[in-house]
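The exercises below deal with pockets, a sheet, a cavity and the way two domains meet. Each task is followed by a worked solution.

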Amino acid sequence: MSSKVAHLQGLTLVSPHGCRRQDLWLEGEYFRLPSQRSGLKLSLENTWAFPAFVNGHDHLHLNSMAGLPDPPGFTNAVDWAAWLQKEHDRRPSKISTHDPRRFHHGAWKNLLSGATSVAHHDPIPASIDPTHYLIDLIPIKWCHSLAFAGKYGPGLQESRQGLQPRQAWVIHAAEGTDEEAAHEVQQLQQLGFLDSRTVLVHGVGIRENQRSWVQQSGAKLVWCPSSNLKILNRSIDPAPYLQRESLCLGTDSRLSGSQDLISEMKAARELYPLDGASLLKLVTTHPRRIFFLDGHEAFRPESRADFLLIQAGDNPWDALLNLKRNDIAAVVKGGMPALADPTFASWFDYFGIATRLLWLDGKPKLIREDWLQDFPGWEWEPGLSLHHPETVDE
Ligand SMILES: [Zn+2]
């Protein structure tokens, strides 16, 4: 671990509780108390520092499955899964869904949008070391759903074995608008599986009377607005969950979700009037609490230094509400830049990190070269390219 200290001067730190001008000191993977030992000073006036985003739900290996037609509407995700399988069988992909390159691509999708921690709802390929990876894979226990428990992934009881007191147990639940979907909540309650570690993904079919069971049990909800609309043509009323701070945002995979977490933030605002602070809670403080991400308190000394620098907008809330992924001037994970504007080249140099110049939606970015080794191919990620967009390949 590096003992070099970097001093970031003149920042405005942004949290759901407000903004304040404050310098940051980074050493190793953590924020530190002010230090005289800094070997690198970066002057960052007019720069907003946001906590890095947390994506509450994704299937990392399912983010590059191009060519599927738009689905008809469904009343239950079980029918959507059957439709998907049929469509997939008609045009099988050349690259298996078990190929780790698919997983890396999903991780990059998240990193490019400022999401450095992700709740991945599937097995992690054996070749991947989650302790040294380009994003943090939140250590959840998961069961696919009541319908698929044991048929895909672990069975219900099995999925909760070894569940720690501060560990989330995640399950797709009530992903539908029919009686069957609503019945799932009742089943989970009867099984005694609704508690403060339970995280329900989707919950569109939760009836009003059932919502109180969910809330009284301390269970939480992940909201995937685009996925809900695409599959079910309906989503949730987030208000009661927001009030109890028991809601976070997730992307789902691009099979049903939108481009990334930034797009989901926009989708959420189209469904419900969220101000900047509420929106920021859904991708920072709430998921940190829901997934028991201890030691990730934003900007606090000795906490993990995962944050974003944004140089756009007249004020931080404008910047957040109108954010595009290439507006993020630096994604910092574990105290070091992972991708950043070329003006931050000295920061990479200071830590001896080799970089590669890439173009993200038309803007140049430096990206850590070691993390690119596993990148499957530029054609996998629309908008990411080795060349300036106006350069014509020979
Ligand atoms: Zn899902």
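**Exercise 1.** From which domains does the lining of the second largest pocket draw at least three residues each?

*Solution.* Begin with the nature of the model: it is predicted. The domain assignment gives domain 1 (5–52 + 298–385) and domain 2 (53–290). The lining of the second largest pocket takes at least three residues from each of domain 1 and domain 2. Next, find its middle: 26 residues line this pocket, and Ser64, Met65, Ala66, Gly67 and Leu68 lie nearest its centre. The space in the second largest pocket is about 490 Å³. Among the elements, α1 gives the most to this lining, with 5 residues. Sorted by class, the lining of the second largest pocket has 13 nonpolar, 5 polar and 8 charged residues.

**Exercise 2.** Describe the largest pocket by volume, centre, contributing elements and residue class.

*Solution.* Take the volume to begin with: the largest pocket has about 950 Å³. Its lining holds 39 residues, and those closest to the centre are Leu62, Leu84, Asp122, His144 and Tyr152. Then assign the lining to elements. At least two residues each come from α1 (77–90), α2 (100–112), β11 (141–145) and α6 (225–232). The largest share is that of α1, with 8 residues. Last, sort by class: the lining of the largest pocket divides into 19 nonpolar, 15 polar and 5 charged residues.

**Exercise 3.** Trace the open sheet of 9 strands, and explain why β3 and β21 each have one side without a neighbour in the sheet.

*Solution.* Write down the strand order: β3-β2-β7-β16-β17-β18-β20-β19-β21, with mixed pairing. β3 (18–21) and β21 (384–385) stand at the edges; each has a single partner strand, so one side of each is left without a neighbour in the sheet. Now look at the pairing of β3. Strand β2 (residues 12–15) is joined to β3 by 4 bridges, and the two run antiparallel. Within this pair, Leu13 has Arg20 of β3 as its bridge partner. Finally, add the helix: α2 lies across β17 (328–333), β18 (336–340), β19 (355–360), β20 (363–368) and β21. The direction of α2 is at about 90 degrees to β18. As the largest pocket shows, α2 also supplies at least two residues of that lining.

**Exercise 4.** How many cavities of 30 Å³ or more does the structure hold, and where does the largest cavity lie with respect to the domains?

*Solution.* The count is 1 cavity of 30 Å³ or more. The largest cavity has a volume of about 90 Å³. It is lined by 14 residues, and Pro51, Ala52, Arg288, His296 and Asp306 are the closest to its centre. Two or more residues of this lining come from each of β8 (53–58) and β9 (115–120). To place the cavity, check which domains contribute: domain 1 and domain 2 both give residues to its lining, so the largest cavity lies between them. By class, its lining has 7 nonpolar, 3 polar and 4 charged residues.

**Exercise 5.** How many residues of domain 1 and of domain 2 are in contact with the other domain?

*Solution.* Start from the centres, taken over C-alpha atoms: those of domain 1 and domain 2 are separated by 27 Å. Then count the contacting residues, where contact means heavy atoms within 4.5 Å. The result is 34 residues of domain 1 in contact with 35 residues of domain 2.

Definitions and conventions
Residues numbered from 1 in each chain as written. Predicted model: local features only at pLDDT ≥ 70, side-chain atom pairs only at ≥ 80, totals over all residues. Heavy atoms only, no water. 1 Å grid on protein atoms, 1.4 Å probe; cavity = no way out; pocket = protein on both sides within 12 Å on 5 of 7 lines; lining within 4 Å. Points joined across faces, edges and corners; volume = space filled by probe spheres on them. Nonpolar A, V, L, I, M, F, W, Y, C, P; charged D, E, K, R; others polar. Domains from an automatic or database assignment. Pairing = 2+ DSSP bridges. Axes fitted to C-alpha atoms, helices over the stretch in contact; angles between N-to-C directions.
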